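Thanks for coming. I'll go through one model today, starting with strands and then moving on to helices and a few single residues.

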Amino acid sequence: MHLLAGIGGLGESLWGYLIPFLFVLTVVVFFHEMGHFLVARLCGVKVDTFSIGFGREITGWTDRHGTRWKICWVPLGGYVKFVGDESAASTPDRRRLAAIPEEERAGLFYFKPVYQRAAVVAAGPVANFLLSIVLFAGIFTIVGQRFATPIVDAVQPGSVAAQAGFEPGDRVVSIDGTTIDSFEDMQRIVGTSADRALTFVLKRTGGEEVTVVATPRKQEVKDRFGNVHKMGLLGVQRDTKEGTFRLVRSDPLTSIWLGAKETWFIVAQTMNYLGGIIAGREDASQIGGPLTIAHVSGQVATLGFGALLNLTAMLSVSIGLLNLFPVPMLDGGHLLYYAVEAVRGRPMGEQAQEVGFRIGLALVMMLMVFATWNDLVHLQVFSFLSGLFS
């Protein structure tokens, strides 16, 4: 009975996670591939396939240009395949390309100038960044942003803030020269600056400005859903009275600027985190994969459609940035090859490119396995499975 009840409960919750996950991932992947597709068409490249998902086709159609648009069974990505490509990773079918007559090569990606090939490849990540900016801008215009005044209401005894000299009633003016307009601004900077000294300019209740230096302490924090995150904390509390909050809806032009700033903030913090992993300052266990995305999508969906769009925008930034890494198999790897070709005046040799793609595939597979293992540990899947049979 315990086993049947567990399986029944799993089935009920599965759809609550699966549908939001498919929505978020499909939107992000579609715009990424559409970026490749539109610039390819602009450059006169013939497109063989536009696919959402991998594996066997569920449904599809062929347009008047001969492109097959399809949706496949494995919804963990997508691809645009050009005429002359050997695989979805845009590795060229060299034997087939060599046999194509000179007069038929104009529409083939492989024979386009290097700047056009680079533009087609870069268009995918760029589309992701543009999608994020537009989504953030829409949220800031329609839903608005809820801000709390950056005033310290209480300081926890023995905390980092207490040791640094924070006092109740202090208003945070700036952190490391960055103007602070809301308590949320301070939280974002502090949360992503664990174990790094920050310089705070505070305005006392009497109007006096003082400067203090504090190093946020890395601690585990649970969000409203019970997920554990490691982040920097000072040990201060904000004023929760209703009058201290304000809802700000920005005009469309301002929202676009704010959306661009938000997108850049995510890029910068992601790069800082990855640099911290390399330097040994950050914990790589925070890296999540498809299961974590599905889990978070289901949780965020309970907060409303606006929250789900916000998650979509954040994921779009991450996908765009990941694809720019100079790893063969990813867009950044192709751009690296094209940069070498532009400098040398000719493409890299077949063997060198083949070795690079194999290394890139190995790295991507290792990252997927590592991220999935983190997912299984964080979501306590092993404990759940053992509980089903106990």
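I'll start with one residue pair. Ile175 has Phe200 of strand β7 standing opposite. Before going further, please keep in mind that this is a predicted model.

That pair belongs to the contact between two strands. Strand β5 covers residues 171-175, strand β7 covers residues 198-203, and four bridges join them in the antiparallel sense. Another pair to look at is Val172, whose bridge partner in β7 is Leu202.

Now the other neighbour of β7. Six bridges link β7 with β8, and this pairing is antiparallel as well. Here Leu198 stands opposite Ala214 of β8. The two strands, β7 and β8, make a hairpin, with five residues between them. In the turn sits Gly207, with a positive phi of about 100°.

Putting the strands together, we have an open sheet of four, in the order β6-β5-β7-β8, with antiparallel pairing. Which strands are at the edges? They are β6, at 178-179, and β8, at 209-214, and each of these pairs on one side only.

Next, the helix that goes with these strands. Helix α5 spans residues 183-191. Its buried residues are Phe183, Glu184, Met186, Ile189, Val190 and Gly191. What do they pack against? From the sheet I have just described, the list includes β5, β6 and β7. Also on the list are β3, residues 145-148, β10, residues 228-233, and β11, residues 236-238.

One of those buried residues is charged by type, so let me stop at Glu184. Why does Glu184 count as buried? Because its relative accessibility is 18%, and the cut-off for buried is under 20%. Leaving aside residues up to four places away in sequence, Glu184 touches Arg146, Phe147, Ala148 and Arg238.

Strand β3 came up a moment ago, and Gln145 lies in that strand. Gln145 has a relative accessible area of 19%, so Gln145 is buried too. With the same exclusion of residues up to four places away, the contacts of Gln145 are Phe140, Arg246, Leu247, Val248 and Leu258.

On to helix packing. Two packed helices are described by the angle between their axes and the distance between the axes. I have two pairs to show.

The pair I'll take now is α3 and α9. Helix α3 runs over residues 114-143 and helix α9 over residues 331-344; their axes come within 9 Å and cross at roughly 160°. At that angle, α3 and α9 are therefore roughly antiparallel to each other. The crossing of α3 past α9 is left-handed. On the α3 side, the residues that meet α9 are Val114, Arg117, Ala118, Val121, Ala122 and Pro125. On the α9 side they are Asp331, His334, Leu335, Tyr338 and Glu341. By type, the contact of α3 with α9 has seven nonpolar residues, one polar and three charged.

The other pair is α7 and α8. Helix α7 takes in residues 290-301, and its axis comes within 8 Å of the axis of α8, with a crossing angle of roughly 150°. These helices, α7 and α8, are therefore roughly antiparallel to each other. The handedness is right-handed where α7 passes α8. From α7, the contact takes Ile293, Val296, Ser297, Val300 and Ala301, and from α8 it takes Ala307, Leu308, Leu311 and Leu315. The contact of α7 with α8 divides into eight nonpolar residues, one polar and no charged.

Last item: backbone angles. Most residues other than glycine have a negative phi. Two residues here deserve a look on that count.

Asp195 is not a glycine, and its phi is positive, near 65°. Where does Asp195 sit? In the loop between α5 and β7. Asp195 is exposed, because its relative accessible area is 54%.

Met329 is likewise not a glycine, and its phi is positive at about 95°. Met329 is in the loop between α8, residues 305-323, and α9. With 28% relative accessibility, Met329 counts as partly exposed.

That is the set I wanted to show. I'll take questions now.

Methods: Residues are numbered from 1 along each chain as its sequence is written. This is a predicted model: local features need pLDDT of at least 70, side-chain atom pairs count only at pLDDT 80 or more; totals for chains, interfaces and linings use all residues. Side-chain values use heavy atoms; hydrogens and water are left out. Buried means under 20% relative accessible area, exposed over 50%, partly exposed in between (1.4 Å probe, protein chains only). Contact means heavy atoms within 4.5 Å. Two strands pair if DSSP finds at least two bridges between them. Axes are lines fitted to C-alpha atoms, for helices over the stretch in contact, and angles run from 0 to 180 degrees between N-to-C directions. Angles under 35 degrees count as roughly parallel, over 145 as roughly antiparallel, 65 to 115 as roughly perpendicular and the rest as oblique. A crossing is left-handed if the near helix is turned anticlockwise from the far one by less than a right angle, and right-handed if clockwise.
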